[in-house]
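Student: I would like a close look at one part of this model. Then please link that part to the rest of the chain.

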Amino acid sequence: MKINNVSVIVPTLNSEKYIRRLIEILLINFSDIIIGVDTKSSDDTLKIVKEYPVKLIHIDNKSGYAENGVIKILAEQCSNKWILRLDDDELISNQLIEFIGNSLKTVNVSCVGFHRKWCRINQSQLEWMALPDYSYDWQWRLFKKDQVNFINDIHTPGYFFDTSKCAPIEACIFHLDWIYHTYQERKEKINRYESIKLGGGESVRHYYLYEDIENFSYYFIPVWESSIPNILKTFIKTNANYKVGVFQPMNVHEYIFTSYNTKSCRKIIIKKLISLINYFGIFKNAKF
């Protein structure tokens with residue numbers, strides 16, 4: 001059964017190679033889908049979106065980033081008070097769909113955050129980037145449109161909110177930038193972000209261009225099978241030899257005690273792990 005109480009908005013630009021994948025998985029699970037196609041798209045993105053029963057909005061976005069009023073424009077077209085915002089190079093996990101369908105009715109906050117996994121394909125295996133401090137890339141993109149204040153600022157949700165809650169850690173989205181885009185395309189994006197706002201590109205350069213980082217500052221571990229949407233599994237099978245980057249996956253213990261083999265670095269990681277434990281309430285008042 002489709003989810004009827006949550007609208008989905010997706011701003012997109014030149015995404016002909018992968019927008020179908022996102023639209024098709026959304027149509028299976030949601031009733032109200034709004035796709036905002038940037039008028040600067042020079043490929044067949046607009047033509048492809050017109051093939052599907054979704055709401056199509058033409059966006060004249062001169063700024064080059066979605067948080068500059070685009071989120072508000074798309075939100076105004078939604079028929080529900082709850083809105084899920086996705087980027088065109090992302091896919092939603094089975095667990096987040098289940099959380100939205102089953103648990104959102106009882107959530108009394110203005111915004112819900114969920115984890116985003118930065119993914120690549122390596123030898124037919126979907127892997128996600130685990131950050132050195134073992135933190136999580138929380139995205140605050142499930143919101144009530146009448147309880148947020150929209151803003152224009154890059155690398156923000158596109159709005160301020162007062163109250164929030166975190167979805168379960170397994171209820172995530174997949175960020176597929178490293179699968180869909182070449183190194184050069186990602187580098188151009190970083191340069192564009194930097195031109196929009198000082199630090200807008202440099203602050204995320206080490207994420208998008210991890211190939212430039214030495215000594216395994218970042219590493220990848222396998223994504224659990226149950227969270228991968230079927231449409232993404234099919235893509236992985238048909239792109240078995242697809243490779244992005246140069247690093248091989250390592251498990252947590254190997255990473256901590258080889259790449260970070262000094263006492264001070266281990267202290268930092270252990271402290272971060274304890275902060276996560278405290279955050280999720282597994283142990284109370286843990287100290288380091």
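Student: What does N14 count as at its relative accessibility?

Tutor: N14 counts as partly exposed, because its relative accessibility is 32%. (Buried means under 20% relative accessible area and exposed over 50%, with partly exposed in between, using a 1.4 Å probe on protein chains only.) This is a predicted model, in which local features need pLDDT of at least 70 and side-chain atom pairs pLDDT 80 or more, while totals for chains, interfaces and linings use all residues. Residues are numbered from 1 along each chain as its sequence is written, and side-chain values use heavy atoms, without hydrogens and water.

Now place N14. It is found in the loop between β1 (3-12) and α1 (19-29). (Helices, H or I with at least four residues, and strands, E with at least two, are DSSP runs numbered from the N terminus.) The backbone has a feature to look for here: phi of N14 is near 50°, which is positive, and the residue is not glycine. Most residues other than glycine have a negative phi.

Step back to the whole chain. The protein chain holds 10 helices and 13 strands. It has 288 residues, and 49% of them count as buried. Take the contacts between residues at least 6 apart in sequence: 76% of these join residues at least 24 apart. (Contact means heavy atoms within 4.5 Å.)

From the loop, α1 leads us on to α8 (230-238). The buried residues of α8 are L232, F235 and I236. They cover an arc of only 100° around the axis, so they lie on the same side of α8. (The arc is taken from the directions that run from the helix axis to the C-beta atoms.) The face turned away from that side carries the exposed residues N230, K237 and T238. What do the buried residues of α8 pack against? Their partners are α1, β5 (90-92), β6 (111-122), β7 (125-130), β12 (172-175) and α5.

Next, the rings. The whole structure has 12 aromatic pairs. (Rings of Phe, Tyr and Trp, the last by its six-membered ring, pair if their centres lie within 6.5 Å; planes under 30 degrees apart are stacked, over 60 edge-to-face, and the rest tilted.) One of them joins F143 and Y159: the ring centres are 4.3 Å apart and the planes meet at 40°, so this pair is tilted. F143 lies in strand β8 (138-144) and Y159 in strand β10 (159-161), so the pair ties together parts 16 residues apart in sequence. Both F143 and Y159 are buried.

F235 of α8 is in a pair too. It meets Y180 edge-to-face, at 6.2 Å centre to centre and 70° between the planes. Y180 lies in helix α5 (177-180) and F235 in helix α8, so this pair ties together parts 55 residues apart in sequence. Y180 and F235 are both buried.

F143 and Y159 also belong to a cluster. Ring pairs link them with W138, W140, F150 and F161.

Finally, look at charges over rings. R116 lies over the face of W118, at 5.0 Å from the ring centre. The charged end of K117 sits over the ring of W128, 3.6 Å from its centre. (The test needs NZ of Lys or CZ of Arg within 6 Å of the ring centre and within 35 degrees of the ring normal.)
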